[in-house]
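Subject: Structure handover and notes

Dear colleague,

I am passing on the structure we spoke about, and I would be glad if you could look through it together with the notes underneath.

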There are 6 protein chains.
Amino acid sequence: MRLLVINPNTTAAMTEKIGAAARRVASPGTEIVAVNPAHGPAAIEGYYDEAMSLAGLLGLIRGRDDFDAVIIACFDDTGLDAARCVTEKPVLGIGEAAFHMAAMLANRFSVVTTLGRSVPAIEHNLTRYGLMARCGRVRASEIPVLELEDPASDACARIGAELGRAIIDDRAEAIVLGCAGMTDLAQRLSETHGLPVLDGVVCAVAQAEALVRLGLTTSRLGGYAPPRR
Amino acid sequence: MRLLVINPNTTAAMTEKIGAAARRVASPGTEIVAVNPAHGPAAIEGYYDEAMSLAGLLGLIRGRDDFDAVIIACFDDTGLDAARCVTEKPVLGIGEAAFHMAAMLANRFSVVTTLGRSVPAIEHNLTRYGLMARCGRVRASEIPVLELEDPASDACARIGAELGRAIIDDRAEAIVLGCAGMTDLAQRLSETHGLPVLDGVVCAVAQAEALVRLGLTTSRLGGYAPPRR
Amino acid sequence: MRLLVINPNTTAAMTEKIGAAARRVASPGTEIVAVNPAHGPAAIEGYYDEAMSLAGLLGLIRGRDDFDAVIIACFDDTGLDAARCVTEKPVLGIGEAAFHMAAMLANRFSVVTTLGRSVPAIEHNLTRYGLMARCGRVRASEIPVLELEDPASDACARIGAELGRAIIDDRAEAIVLGCAGMTDLAQRLSETHGLPVLDGVVCAVAQAEALVRLGLTTSRLGGYAPPRR
Amino acid sequence: MRLLVINPNTTAAMTEKIGAAARRVASPGTEIVAVNPAHGPAAIEGYYDEAMSLAGLLGLIRGRDDFDAVIIACFDDTGLDAARCVTEKPVLGIGEAAFHMAAMLANRFSVVTTLGRSVPAIEHNLTRYGLMARCGRVRASEIPVLELEDPASDACARIGAELGRAIIDDRAEAIVLGCAGMTDLAQRLSETHGLPVLDGVVCAVAQAEALVRLGLTTSRLGGYAPPRR
Amino acid sequence: MRLLVINPNTTAAMTEKIGAAARRVASPGTEIVAVNPAHGPAAIEGYYDEAMSLAGLLGLIRGRDDFDAVIIACFDDTGLDAARCVTEKPVLGIGEAAFHMAAMLANRFSVVTTLGRSVPAIEHNLTRYGLMARCGRVRASEIPVLELEDPASDACARIGAELGRAIIDDRAEAIVLGCAGMTDLAQRLSETHGLPVLDGVVCAVAQAEALVRLGLTTSRLGGYAPPRR
Amino acid sequence: MRLLVINPNTTAAMTEKIGAAARRVASPGTEIVAVNPAHGPAAIEGYYDEAMSLAGLLGLIRGRDDFDAVIIACFDDTGLDAARCVTEKPVLGIGEAAFHMAAMLANRFSVVTTLGRSVPAIEHNLTRYGLMARCGRVRASEIPVLELEDPASDACARIGAELGRAIIDDRAEAIVLGCAGMTDLAQRLSETHGLPVLDGVVCAVAQAEALVRLGLTTSRLGGYAPPRR
């Protein structure tokens with residue numbers, strides 16, 4: 001099985017980290033192809049970056065047939081609906097995958113993301129997926145996406161502090177990390193705080209494998225019908 | 001006052017029709033500049049077309065300062081959030097404008113749009129705006145967007161039939177027409193069926209004038225903050 | 001165009017302030033007729049005052065035909081539904097108008113009103129309009145309505161403090177001022193706090209002009225049908 | 001125990017029927033005082049009638065202390081909030097009482113009311129009480145209120161037909177009759193259709209007795225605080 | 001009238017306290033039969049205890065006909081749906097009864113329960129009943145159920161402190177006590193804090209009497225149909 | 001990896017069919033242990049059967065440590081919450097698993113189940129999971145559970161007819177089959193009707209493998225904490 005994992009921003013170091021995280025959890029026989037568009041924003045921080053990454057993102061999917069499922073490795077689930085229209089294969093967003101898995105482990109989860117400017121887009125997705133009622137709060141650590149790539153940053157400590165507030169104030173029973181760049185922090189935070197901490201990248205790999213094994217594909221009726229022209 | 005009215009598809013005849021409709025309701029002293037991108041889909045029929053129109057659409061806004069407000073003249077409110085990040089001026093979607101106005105005229109409204117494939121995107125918007133509870137049903141007439149440009153089409157009759165079902169089955173007290181290309185049908189349908197029939201293009205012109213007169217602009221705090229880079 | 005602006009309480013100084021605010025934003029050619037009932041409560045502070053103002057309020061509308069739209073200038077949108085049954089002209093509440101406009105400028109808004117006793121009625125309206133999900137919190141400054149008429153009051157500072165909490169704690173991107181008597185504070189608060197601050201009186205004037213220009217009137221089907229007897 | 005049962009319309013025959021129904025279910029020792037205002041609408045059919053009945057309705061409560069609880073015997077729960085502000089005694093609406101009791105007997109109920117014009121006000125109440133999700137549909141039999149007082153009418157048959165549709169189409173497990181004037185039809189319809197059919201008048205009597213026996217009274221904190229002046 | 005009041009845990013002292021509370025509010029002529037299963041958990045603290053009490057609980061109802069209504073005296077409304085399938089008589093949960101009564105006395109109520117582990121089950125019930133929107137917050141005092149039976153405990157003070165926070169932070173206008181073992185604290189807390197404090201046991205007695213007097217029984221259509229075998 | 005698949009009813013033929021379906025989709029190296037309780041209802045058709053199966057169901061989980069995850073193979077997700085309290089391993093309901101997967105393939109899905117009496121329990125789960133908004137309608141085919149085991153039955157045709165109505169009337173883009181006993185019909189119905197048809201048994205196997213591979217386990221904070229005694 002081949003999974004096309006698309007980092008919709010152009011930061012190759014992040015693509016590599018995402019690819020490595022995906023490979024660590026992929027089943028034997030699953031090949032991870034981690035790619036990013038050649039052009040577009042270096043990080044997806046808000047609605048405008050999302051919009052400007054779409055042409056590059058969809059260009060990496062359209063017309064190809066050498067994969068079994070697509071993962072969009074941006075926590076905003078950038079372009080998820082459009083991507084579902086251009087391929088018959090399953091397409092998963094890492095936000096969506098993490099939300100659904102958290103909902104099967106906990107009565108309530110909270111999200112800890114990067115900047116406050118990304119919070120409305122994440123809340124918008126949760127509302128639409130139906131899962132806002134399962135979410136205590138979408139919290140911002142105010143750490144820019146690319147600072148997560150800096151080994152000298154104290155990002156993990158600041159994310160951990162926000163996570164502690166989620167446990168107390170939101171009664172969160174699980175935490176979803178709200179950025180593909182946090183993929184390497186989940187296990188440490190889970191051990192420190194004693195609750196499930198979900199990273200969307202690995203959740204999406206597991207969900208993609210699940211859909212492919214069951215032979216399930218995106219519906220072609222209604223909203224995800226292929227483009228008419 | 002200058003309003004930039006963007007038809008995000010590339011069909012110039014439709015841009016012209018939209019511009020004319022906007023001019024008919026604009027106040028004296030309001031100039032309507034109706035434009036469309038040079039490249040992109042000829043009609044917006046579903047999520048993929050929406051995504052592919054964004055770069056062109058945002059390119060028409062970004063870096064310009066010669067207008068007082070922007071109207072996105074596609075009923076899906078394509079790119080509305082992203083557009084709000086790239087200009088300090090108010091930005092209105094025609095779907096949004098019509099929903100809010102219908103909510104001030106009727107206890108419940110229904111939407112009559114073009115193809116069934118566009119229904120989920122419209123429902124998604126209504127859910128997010130908070131107005132799904134005010135909407136009886138989003139109905140598809142199964143008329144493609146460009147057929148609305150064909151004078152020989154029986155589109156108006158078919159839309160009228162769907163509208164009649166909305167009155168009976170949904171208890172709709174008002175109707176929102178779900179496509180910029182239906183802008184010339186609203187008055188006739190309203191007279192025939194005896195209830196308010198709202199076209200998003202003229203609603204958005206009126207809302208844009210309202211915001212500009214009050215000196216209100218999009219919030220720069222949170223989700224609509226300008227792009228960081 | 002003539003707009004009938006009704007302050008449903010009997011405090012003439014407040015009617016005057018409301019009328020002046022309305023005139024400042026009215027378009028050339030729009031005449032503002034600001035009135036209040038001769039009898040009834042001096043301020044609308046809660047459900048009972050609302051109820052006791054209705055006969056006077058509706059008496060100012062019923063049977064008249066010398067206006068193009070009606071504005072009910074009480075933030076509780078007192079008698080809005082009943083008023084829509086007794087005139088064919090559009091009727092707008094100032095709460096409603098401000099909520100809908102805030103929803104086109106910000107992902108989330110909070111309301112700052114007068115007394116805590118008015119909060120449930122405002123929440124009730126937001127729930128019913130569908131816009132509760134867009135509202136962070138309805139906050140009370142605990143300033144009585146008529147204290148807003150006292151130039152020596154520190155009302156503006158106390159409202160500003162509440163507004164600051166809304167930005168931090170509710171992640172509000174815009175603020176709606178929850179009393180017609182606050183109409184003169186909006187601009188100052190907006191400049192100080194750097195976000196849109198909406199006053200319902202001016203929002204309703206702009207919305208009334210918008211509806212009148214488009215020739216839209218309240219639906220006569222269903223809940224707003226004229227009284228049978 | 002003395003229960004003040006207020007029919008907010010001025011039709012004495014209906015007040016009498018309501019009083020008789022209340023007495024049939026009242027406990028020994030409970031006195032029913034059924035009254036109606038001297039002036040106001042002869043039937044409450046929509047928002048305007050509701051508004052015009054309020055002054056009379058509240059005048060029957062304010063300043064009196066010779067009762068233990070108040071019942072507002074109009075299915076729209078006319079003036080319920082305002083009434084709670086002017087007495088320390090419990091106040092119940094017949095709509096509210098029936099909805100809450102139906103919710104303890106069935107997974108889902110439907111409402112069968114008089115005219116379509118009353119449907120939005122009932123839906124509005126259900127939404128606000130939180131019980132819309134428990135309601136399949138609010139159905140109109142299109143029988144005017146006063147026709148229910150006419151012994152020659154086929155009202156019961158028409159209501160029964162609507163009730164049958166509610167069982168099939170809405171999967172209703174119980175029915176709430178949506179008008180005080182239907183109080184004498186409940187038992188017959190329940191026997192014919194084999195499911196609980198609730199009349200608000202008797203439900204409110206039972207709820208009022210329950211509150212009085214437990215010594216519970218309306219909260220004075222927040223929205224139901226007594227009027228300030 | 002005979003009411004079967006079932007404490008689904010096996011702690012006889014608690015059954016006795018519940019029975020005594022029920023008797024204090026029962027009408028003359030109402031007999032309270034308070035029982036508990038012979039086997040099962042000593043306290044219901046969370047989902048597992050709920051499940052393990054069901055066989056005992058249902059065994060106390062099934063096949064008996066010597067009562068007029070059943071009360072399940074556990075705030076989680078343990079087994080309420082199943083119990084409704086095995087008897088034609090009305091069945092009430094004490095949580096449900098208290099929520100519905102609080103909703104007729106206050107715009108918003110909060111719940112103060114025992115342990116945090118019980119909060120999700122209570123929220124789950126509120127969501128399903130439709131009343132979550134009426135509830136400010138479900139708060140845990142972190143007092144184990146059986147400590148409520150210990151006269152030396154400072155439980156009342158700790159519950160009172162939580163109740164004070166509900167008034168300030170949640171704008172609660174009424175409080176629902178979230179455990180059958182708190183039945184003796186309601187009046188004292190109500191007097192101290194000046195708002196309605198509802199205990200589910202007495203609410204359920206009053207509701208059961210109300211249903212029996214009106215001759216209303218659980219629907220046999222749909223979800224509460226008797227078991228097929 | 002060893003998955004404990006529990007059919008909570010006592011019909012061994014159904015357990016076998018469920019086990020076979022699970023094995024067909026399990027990954028190499030995954031062992032399926034399909035079991036059912038020795039005592040309890042022969043089919044789970046409504047709330048009472050659910051309750052009566054719990055002791056047997058939980059007895060199959062408690063105190064064992066020879067599995068990596070548990071699947072509850074009843075579409076009502078019988079005992080799911082309680083089961084999560086008695087094991088550290090992930091526990092999945094087949095209803096839940098199918099709903100979450102359908103939500104990643106389609107904008108809207110409908111459910112086709114067995115008897116109408118099971119519909120409220122399924123709706124109750126959807127509401128609580130947050131996914132009711134994604135579901136068009138829960139439809140009953142009125143086929144009893146055990147008839148699905150009868151090869152001479154025309155069950156598949158009747159389920160197919162209901163499925164066709166879901167596509168037209170609900171605008172369903174995917175179908176979830178609402179009974180473990182329908183596990184062998186999914187593929188045929190999917191091919192006939194041209195949309196994804198999801199069976200909960202295979203969905204739960206794939207989800208269980210996903211959770212185990214990622215090392216994720218049920219939260220021990222809050223509602224799923226282990227029993228205190």
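The notes below go from conventions to symmetry, then to one sheet and to one pair of domains.

This is a predicted model, in which local features need pLDDT of at least 70 and side-chain atom pairs count only at pLDDT 80 or more, while totals for chains, interfaces and linings use all residues. Residues are numbered from 1 along each chain as its sequence is written, chains are lettered from A and ligands numbered from 1 in the order in which they are written, and side-chain values use heavy atoms, with hydrogens and water left out.

On symmetry, a turn of 180° with a shift of 0.0 Å along the axis lays chain A on chain F with an RMSD of 0.0 Å (copies are superposed by least squares on the C-alpha atoms of residues with pLDDT of at least 70 in both). That is the relation of a two-fold axis, and the C-alpha of chain A nearest to this axis belongs to A:Gly130, at 2.6 Å from it. Of the interface residues of chain A, 100% are also interface residues in chain F, so the copies meet through the same surface.

In chain D, four strands make up an open sheet with parallel pairing, in the order 2-1-3-4 (strands are DSSP runs of E, at least two residues, and helices runs of H or I, at least four, both numbered from the N terminus; two strands pair if DSSP finds at least two bridges between them). Strand 2 (31–35) and strand 4 (91–93) of chain D stand at the edges with a single partner strand each, so one side of each is left without a neighbour in the sheet. Strand 1 (residues 2–6) and strand 3 (residues 69–72) of chain D are joined in the parallel sense over four bridges, and D:Val5 has D:Ile71 as its bridge partner in strand 3.

In chain A, the domain assignment (automatic or from a database) gives domain 1 (2–93 + 203–223) and domain 2 (96–200), whose C-alpha centres lie 20 Å apart. Contact (heavy atoms within 4.5 Å) links 26 residues of domain 1 of chain A with 32 residues of domain 2 of chain A. Across this domain interface of chain A the rule finds four salt bridges (a side-chain nitrogen of Lys or Arg within 4 Å of a carboxyl oxygen of Asp or Glu).

Best regards
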